[in-house]
Amino acid sequence: MRKTIIAGNWKMYKTIVEAIELSNGLKREFYKLDNQGIEVVLCPPFTALSEVNEVITESEIKLGAQDCYWKDEGAFTGEVSCKMIKDAGCQFVIIGHSERRQFFAETNDTVNKKVKAALASGLTPIMCVGEMLAEREAGKTFQVLEGHVRGGLRDVSAEDAAKIVIAYEPVWAIGTGKTATPDQAQEAHKYIRDLLVKMYNKDVAGSIRIQYGGSVKPENTIDLMKQPDVDGALVGGASLQVESFSVIVKKASEVVK
Ligand code: PEP
């Protein structure tokens, strides 16, 4: 049994005051929800982590960062280590988001270093993988996914791999309003799960949660979450308002597999 996990990636949105307001609103909503059996993670910008942590401290909501660096400390201006992220109250960290791969030269190699550093410090990595539109149109989706998964998990033991979360995020669906169909999502998730069986074994592959990300909205949540290999969602735009994010969580919690 894999526990459904819904994470909100706030990207570069929300000042501290706005982040406190949003997390307070979500805390109020989730108290009303029977969200047993579902894990909810908020990933605000670094500047608001501590404040959001204070707001959610007595709730079941968990905290995540949007990136990390692989060294614990040192002369790395602008970077934030896993140790610092944990210190701010996080249990999760998003790694290898397509925006970081596209705009900040993130590679499978740097993703791999970050995944290993996160695991070593006790954080759960949410490792993002996914193809660009041109790659899908060229029939290269599985090839890209194999590169991202094998590259990101290079030299990660079976014991550690079992702890991670993978987010399948087709780049063409992120922030575009175009969602993968439930069949397209299931096909990619199944491919990733089968690959994990080959890389590790059935037990490990069966325990890794694979989230779908890419224009998840209240209207498409149920059909996506019903897919057997879709274990949750990484939500961008729709995680920025109390109403849309809490409806997504509520709908996801209603799906029984
Ligand atoms: C994301 O940021 O990971 C994402 C999937 O964004 P959106 O939901 O806005 O497409």
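Is Q227 buried or exposed? Let me start there, and please keep in mind throughout that what we are looking at is a predicted model. Q227 counts as buried, because its relative accessibility is 14% and the limit for calling a residue buried is under 20%. If you look for Q227 in the structure, you will find it in the loop between α11, residues 218-225, and β8, residues 232-235. Leaving out residues up to four places away in sequence, Q227 touches P182, D183, Q186 and K257.

Now I would like to turn to two residues that share a backbone feature. A105 has a positive phi of about 55°, although it is not a glycine, and S215 likewise has a positive phi of about 55° without being a glycine. A105 sits in the loop between α4, residues 98-103, and α5, residues 108-121, whereas S215 lies in the loop between β7, residues 209-213, and α11. Which of the two labels, buried or exposed, fits A105? With a relative accessibility of 62%, A105 counts as exposed, since exposed means over 50%, while S215, at 16%, counts as buried.

S215 also brings us to the ligand, because I would like you to see where the ligand sits. There are 14 residues around the ligand, and those that come nearest are K11, E169, G175, S215 and G237. Sorted by character, the shell around the ligand divides into 4 nonpolar, 8 polar and 2 charged residues. Looking at individual atoms, a polar side-chain atom of N9 lies 3.1 Å from an oxygen atom of the ligand, and a polar backbone atom of G236 is 2.8 Å from a ligand oxygen. For G237, a polar backbone atom is likewise placed 2.8 Å from an oxygen atom of the ligand. Taken alone, the ligand exposes 290 Å², and the protein buries 96% of that.

Let me finish with the nonpolar interior. The largest nonpolar core has 68 residues, and the members that touch the most others are I6, L153, I166, I192, L196, Y212 and F245. Helix α9, residues 182-199, supplies the largest share of this core, namely 6 residues. What does I192 touch, once its neighbours within four places in sequence are left aside? I192 is in contact with V129, L145, V149, I166, Y168 and I210. There is also a second, separate core of 11 residues, including I94, C128, A167 and L234.

Key: Residues numbered from 1 in each chain as written. Predicted model: local features only at pLDDT ≥ 70, side-chain atom pairs only at ≥ 80, totals over all residues. Heavy atoms only, no water. Helix = DSSP H or I, 4+ residues; strand = E, 2+ residues; numbered from the N terminus. Buried < 20%, exposed > 50% of the residue type's maximum accessible area, 1.4 Å probe, protein only. Contact = heavy atoms within 4.5 Å. Core = buried A, V, L, I, M, F, W, Y, C linked by side-chain atoms within 4.5 Å. Near = heavy atom within 4 Å. Polar contact = N/O pair within 3.5 Å; in protein donor to acceptor, adjacent residues only side chain to side chain. Areas by Shrake-Rupley, 256 points an atom, 1.4 Å probe, with all protein chains shown as cover. Nonpolar A, V, L, I, M, F, W, Y, C, P; charged D, E, K, R; others polar.
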